[in-house]
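Student: I would like to go through this chain with you, one question at a time. Could we look at the model together and reason from it?

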Amino acid sequence: MERAMAKPNCPQCSSQENVVPILYGLVDFEDAQIKKDLETRKYVLGGCVVLKENWYCYRCEFSFSDPSIKSLPTKPKCPGCSSKLDVVPILYGYVPLGDEKDVVQEREKNREFILGGRVVQEEEWYCHRCESGFSDASVKSPYNYWR
Ligand SMILES: [Zn+2]
Ligand SMILES: [Zn+2]
């Protein structure tokens with residue numbers, strides 16, 4: 001079953017249906033599900049380096065960031081402590097140097113997400129209180145939307 005996720009409108013063409021999340025990190029291209037998801041435009045791949053843009057518009061071929069991603073509609077509860085407050089999405093990929101690095105680090109400091117490293121793993125969420133990652137099938141992370 002498909003789960004709907006709040007998506008921003010493209011700042012250039014105002015379209016929402018052509019907007020997909022950008023997925024950072026290395027993925028397994030031999031994975032049939034990933035191939036299918038790319039064909040059906042569930043998301044686009046942003047490469048190994050994490051940039052501040054987290055949305056892509058297929059119509060304009062334009063990447064942009066939307067701060068409303070901060071107010072995620074739903075977060076899962078941590079299986080360890082049952083807290084939602086301390087739970088953030090895990091973002092995979094490399095952090096670039098220079099200005100982009102500052103942006104990414106600032107956002108990590110604001111607990112918008114935590115950086116999970118270069119290779120995409122199973123865990124979609126991280127609990128700051130328990131200092132451990134977990135995945136929750138009922139709540140999709142914006143950064144790991146393909147699962
Ligand atoms: Zn657009
Ligand atoms: Zn916890």
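Student: Leaving aside its neighbours within four places in sequence, with which residues is Lys7 in contact?

Tutor: The model is a predicted one, and in it Lys7 belongs to the segment before β1. Once its neighbours within four places in sequence are set aside, the contacts of Lys7 are with Gln16 and Val19.

Student: Is Lys7 buried, exposed or partly exposed?

Tutor: A residue needs 20 or more other C-beta atoms within 10 Å to be buried, and 12 or fewer to be exposed. Lys7 has 18 C-beta neighbours inside 10 Å, so Lys7 counts as partly exposed.

Student: What distance separates the C-alpha atoms of Lys7 and Trp55?

Tutor: Along the chain, Lys7 and Trp55 are 48 residues apart. In space, their C-alpha atoms are separated by 8.6 Å.

Student: In what order do the four strands form the sheet?

Tutor: The sheet is open and its pairing is mixed, with β2 (44-47) and β4 (62-64) as the edge strands, each of which pairs on one side only. From one strand to the next, the twist averages 35°. The order is β2-β1-β3-β4.

Student: Which residue in β2 does Tyr24 stand opposite?

Tutor: Strand β1, residues 19-24, pairs with β2 in the parallel sense, over three bridges. Opposite Tyr24, in β2, stands Gly47.

Student: How many of the eight residues of helix α1 are buried?

Tutor: Helix α1 spans residues 32-39 and is followed by Arg41, whose phi is positive, near 60°. The helix lies largely in the open, because the number of its eight residues that are buried is zero.

Methods: Residues are numbered from 1 along each chain as its sequence is written. Chains are lettered from A and ligands numbered from 1 in the order in which they are written. This is a predicted model: local features need pLDDT of at least 70, side-chain atom pairs count only at pLDDT 80 or more; totals for chains, interfaces and linings use all residues. Helices (H or I, at least four residues) and strands (E, at least two) are DSSP runs, numbered from the N terminus. Two strands pair if DSSP finds at least two bridges between them. Axes are lines fitted to C-alpha atoms, for helices over the stretch in contact, and angles run from 0 to 180 degrees between N-to-C directions. Two residues are in contact if their C-beta atoms, placed from the backbone, lie within 7 Å.
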